[in-house]
Amino acid sequence: MMKPLFLAAALCALAACASSPEQAAAKAAAAAPAISTVPAEGLPPQRLAPGECGLFLWSMSAPRQFVFFTKGSTGDALVLIGNKSTSMPMTSAGGDVFGQFLSRMTFEDLASKVKVTVSIEPGKPLEGGQRVGSGNIQFRDAEGWETVLPVTGVRACMPG
């Protein structure tokens, strides 16, 4: 007889600790600014001129989308911020050499104050380039919200 009473008391205590639907909605709304920086659609196709190298990154979550592009010669990146394709200048770089790139690069949009940090792990070589074994893009908005997007991709060079 004590077991059913104890179980009922434990369930009541657990139900009292659970958050209400209103609290859950408020938490989700608070996270919305960070999530809004994750690209909703992919970037348009990018072309390399003969002799140019580029870093192409795709999101790892389904549906996979083309989310980041930079050329080795420019130092600027093309990133989707919300639904807007944004060109961002590189503000810092470090880590290991990865062809014409480094394994950690930071870009910042001065107008929106969005900062994007790309961290990649080199993968297997390919003809004319190299795979990105794994990586992530960290988006930080003006209010300090951060979102991390796992990515994979390729560093490729156009023969020339």
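This short presentation covers one residue in strand 4, a loop residue, and two hairpins in a predicted model.

Let me begin with A93. This alanine lies in strand 4, which spans residues 84-98. Its relative accessibility is 43%, so A93 is classed as partly exposed, given that the partly exposed class lies between 20% and 50%. Setting aside neighbours within four places in sequence, A93 makes contacts with L102, R104 and M105. For M105, the C-alpha atom is separated by 4.3 Å from that of A93, although the two residues are twelve apart along the chain.

I turn next to K113. This lysine sits in the loop that links strand 5, residues 101-109, to strand 6, residues 114-126. Its phi is near 65°, a positive value in a residue other than glycine. K113 has a relative accessibility of 46% and therefore also counts as partly exposed.

We now come to the hairpins. Strand 6 runs antiparallel to strand 7, residues 129-140, and ten bridges join them. Within this pairing, K115 stands opposite R140 of strand 7. The hairpin these strands form has two residues between them, and G128 in the turn shows a positive phi of about 85°.

Strand 7 also pairs with strand 8, residues 146-157, again in the antiparallel sense and over ten bridges. Here I137 stands opposite L149 in strand 8. Which residue takes a positive phi in the hairpin of strand 7 and strand 8? It is G144, with a phi near 95°, in a hairpin that has five residues between the strands.

Terms used:
Residues numbered from 1 in each chain as written. Predicted model: local features only at pLDDT ≥ 70, side-chain atom pairs only at ≥ 80, totals over all residues. Heavy atoms only, no water. Helix = DSSP H or I, 4+ residues; strand = E, 2+ residues; numbered from the N terminus. Buried < 20%, exposed > 50% of the residue type's maximum accessible area, 1.4 Å probe, protein only. Contact = heavy atoms within 4.5 Å. Pairing = 2+ DSSP bridges.
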